[in-house]
Each structure stands twice: as structure tokens, then as C-alpha cells.
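Biologist: I would like to go through this structure with you step by step, beginning with a single residue and ending with the protein as a whole. Could you take me through it?

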Amino acid sequence: MSQSFIAAMDGGGSKTLLVVLRQDGTIADIGRAGGSNPFDQPLWRETLSSLFSRLPPETRAAGLGLAGFGESATLNQHQRGLISTFCENIPLSLTNDVDMACNGAFAGQEGVLLLSGTGSMAWATDGQGHHCRVGGWGSLFGDEGSAFWIGRKALALVTELLDGRNTQDIAFLEPIQKALDLPSDPARCGPALLEWYGSLTHERSAVASLARIVARLAEQDCVPATRIMGEAATQLAAHVQTARRRLGRPELPWSYAGGTLQSQLLREAISERCGTPVTPRLPPIGGGLLSAARLAGWSVDANWIDRLADTLDHAGLGN
């Protein structure tokens, strides 16, 4: 008897991940590509197509979480049209990437999933069919507390220091200069910073990558970096608190996903306002695989979920 498969795709602003799972619980394929958010990735079609082409013919169901889905009727139509060319006869769970992450974190149960990657958003469900979204407005309108937001704050502080508008936070300048390979001489640093900016092929991802530097500096007790991360925590905590209020469930547990929230310092700062988070049961891609397994009619119970979590963790895809 031939093996059957399910698949899941996590399409974010900076990267897209495909995982194909065999019915025996082993991973058949892992595909990675760049970001696939149609709002700011002009090659999103090519990115998704390259990964969809890897699906085996025996794929029985797929769980897809795509950045930008559900935010524009026109773009939704384009996304659905592309997906249908590859998944015409495959049962699908199609939603946005944060909804899928929430499904994974709570294994389909109630809770608030706070995501902070390139962008930021909270997705909440009460487990009874009601859900709400907070944030996710993109870098022009919002994305407060996201990696891009943190990186943008860091760059703004650097320009203040180079101008001399800020003389109190000078300890922040040297580590950023080193991280971006900029000259230490302020007179040369400014032009080099603009040269760095002018050479970027995708500025949103590049600026977002600076969040890791800010988080590391904060952990080393760099006061300006700690302040930026504290501001991010305030913004992200407001996402969780607002989602709870809108659902009328102030006690809803919260969990997390996204590279920015790998910072323990940031999670602890949010915890001071929202309580201790629940460790995600599954990573975001696991939420897609969980939906796909149920669509395919596989036997899914607590033990299956635990095995899936172990499998993804051993593959380097865990939380």
C-alpha cells in the first residue's frame, strides 16, 4: 500500500516554509524560500509556486497559513487562484499565518497567540467559534512591537546620535556601527549608513533583522536597547489585552510565535502585564499540519500531537 502525505505551509513576511509529512509521522520534505506576503513581496507568486511544485501526488490534505490572507479581497482572489493550480483536488485549510500559529500553539483550543516577526499581530479564539484579530496593519500603519518596528526605532536613534540631537545614548552607536560594518567616524558613518540603505533589495526584511542586535544589546544591559525593547513589550502587551477585552475573556491564556519573541527579555516584560505565557504546543507549521491531518481523516489525538511536536523539534522546526 502506497504511503500518503499531508503538507503545511507557513508563509511569512521574511520567509516561507513547507513541510510534507508521511502518514507514519516522519517528514518527507522540507522546503524553504523567501517571504511571500503579497503586500510587499513582488515575487510572492514565484515563491509559493516553487514550494507548491514540491508536493507529492499522494498529498491528501494541506494546511496553509499565508501572510496577508484575509486582508484584501483582491489579493485573496489572486492567492486562491495560484493555490488552485497546484491543489485543485486537495482538501485545504487556508487562513492567515497567525491564525495557523494560534491553532498550533493551543492545539485548536482557546487562547491568544501573539506573533512578532517582521510584522506583529495577535489572534484570539475562545474555542467556541469566536475569534478576533488585533494589529497586523503592516509597517505603514502599525506593526508595533515587531522586528521591523524595533529595527526602525534603532535606526532612528542612530541618526539622532550622528546628528548630535541625542547625546545621552551614545553607548548604542558603536555596536550598531559594528553590526552594520559602518565606519566609527561619525562624519563617514552617515554617508555609509545611507549607502547601506540604498543597496537594500528588500528594506523591510533588512530593517527587521536589526531587532536581533537590539535584543542582544538589551540582554547586555545597554540602556537605550533595553528602552526600545521595553517600548516593544508595551505595544505587544496591548495586543494581548485588547484581544482578551474584545472577546470578553480577560483570563484567556496567551502564547507566542515569531523570531522577535524568542527574546526571553521581551517575553518577561510582556508577562509583567499579561501573566506567564503558555509554551506553544506546536510551532506555527505544526498548526497547519494538525489541520491537514484532520482534513485527511488521520487519527489525531494528544499522543499524535506530542509525536508531531517531537518530530518538528528534532528537524529544527520547533518553538
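Modeller: Gladly, and please keep in mind throughout that this is a predicted model.

Biologist: Which residues is Ala-28 in contact with, leaving aside its neighbours within four places in sequence?

Modeller: Ala-28 has its place in strand S3, which covers residues 27-34. Once the neighbours within four places in sequence are left aside, the residues in contact with Ala-28 are Phe-5, Val-20, Leu-21 and Arg-22.

Biologist: Is Ala-28 buried, exposed or partly exposed, and how many Å apart in space are Ala-28 and Trp-254?

Modeller: The relative accessibility of Ala-28 is 31%, and because buried means under 20% and exposed over 50%, Ala-28 counts as partly exposed. Ala-28 and Trp-254 are 226 residues apart in sequence, and their C-alpha to C-alpha separation in space is 32 Å.

Biologist: Which backbone oxygen lies 2.8 Å from a polar atom of the side chain of Thr-16?

Modeller: Thr-16 belongs to strand S2, residues 15-22, and with a relative accessible area of 2% this threonine is buried. Leaving aside neighbours within four places in sequence, its contacts include Met-9, Asp-10, Thr-47, Leu-48 and Leu-51, as well as Gly-31, Arg-32, Ala-33, Gly-34, Gly-35 and Ser-36. The backbone oxygen at 2.8 Å from a polar atom of the Thr-16 side chain is that of Gly-34.

Biologist: What relative accessible area does Gly-287 have, and which residues does it touch, not counting those up to four places away in sequence?

Modeller: Gly-287 lies in helix H12, which spans residues 284-295, and it is buried, with a relative accessible area of 0%. Its C-alpha atom is separated by 12 Å from that of Leu-66, although the two are 221 residues apart along the chain. Not counting residues up to four places away in sequence, Gly-287 touches Met-100, Asn-103, Gly-104 and Leu-282.

Biologist: Which helix supplies the largest share of the lining of the second largest pocket?

Modeller: About 240 Å³ of space lies in this pocket, and its lining includes Phe-148, Arg-152, Trp-196, Tyr-197 and Glu-203. By character, the lining residues divide into eight nonpolar, one polar and two charged. Helices H5 (147-163), H7 (186-198) and H8 (203-208) each supply at least two residues of the lining, and the largest share, five residues, comes from H5.

Biologist: Why is helix H9 largely enclosed by the rest of the structure, and what covers its buried residues?

Modeller: H9 runs over residues 210-219, and it is largely enclosed because seven of its 10 residues are buried. The buried residues are Leu-210, Ala-211, Ile-213, Val-214, Ala-215, Leu-217 and Ala-218. What covers them includes H5, H6, H7, H8, helix H10 (223-247) and helix H11 (264-274).

Biologist: Which elements are included in what covers the buried residues of H11?

Modeller: The buried residues of H11 are Leu-266, Arg-267, Ala-269, Ile-270, Ser-271 and Cys-274, and just after this helix Gly-275 takes a positive phi of about 90°. What covers the buried residues of H11 includes strand S6 (111-116), H10 and strand S9 (254-257).

Biologist: Where is Asp-143 found, and what is its phi?

Modeller: Most residues other than glycine have a negative phi. Asp-143 is found in the loop between helix H4 (138-141) and H5, where, at 3% relative accessibility, it counts as buried. Although Asp-143 is not a glycine, its phi is positive, at about 60°.

Biologist: Is Asp-181 buried or exposed, and what value is its phi near?

Modeller: Asp-181 lies in the loop between helix H6 (173-179) and H7, and at 69% relative accessibility it counts as exposed. It is a residue other than glycine with a positive phi, near 55°.

Biologist: What radius of gyration does the protein have?

Modeller: The protein contains 13 helices and nine strands, and 53% of its 319 residues count as buried. Its C-alpha atoms fill a box of roughly 70 × 45 × 40 Å, taken along the principal axes. With 319 residues, a compact globule would have a radius of gyration near 20 Å, which agrees with the protein's value of 21 Å.

Technical notes: Residues numbered from 1 in each chain as written. Predicted model: local features only at pLDDT ≥ 70, side-chain atom pairs only at ≥ 80, totals over all residues. Heavy atoms only, no water. 1 Å grid on protein atoms, 1.4 Å probe; cavity = no way out; pocket = protein on both sides within 12 Å on 5 of 7 lines; lining within 4 Å. Points joined across faces, edges and corners; volume = space filled by probe spheres on them. Helix = DSSP H or I, 4+ residues; strand = E, 2+ residues; numbered from the N terminus. Nonpolar A, V, L, I, M, F, W, Y, C, P; charged D, E, K, R; others polar. Buried < 20%, exposed > 50% of the residue type's maximum accessible area, 1.4 Å probe, protein only. Polar contact = N/O pair within 3.5 Å; in protein donor to acceptor, adjacent residues only side chain to side chain. Contact = heavy atoms within 4.5 Å. Rg over C-alpha atoms; globule rule 2.2 N^0.38 Å.
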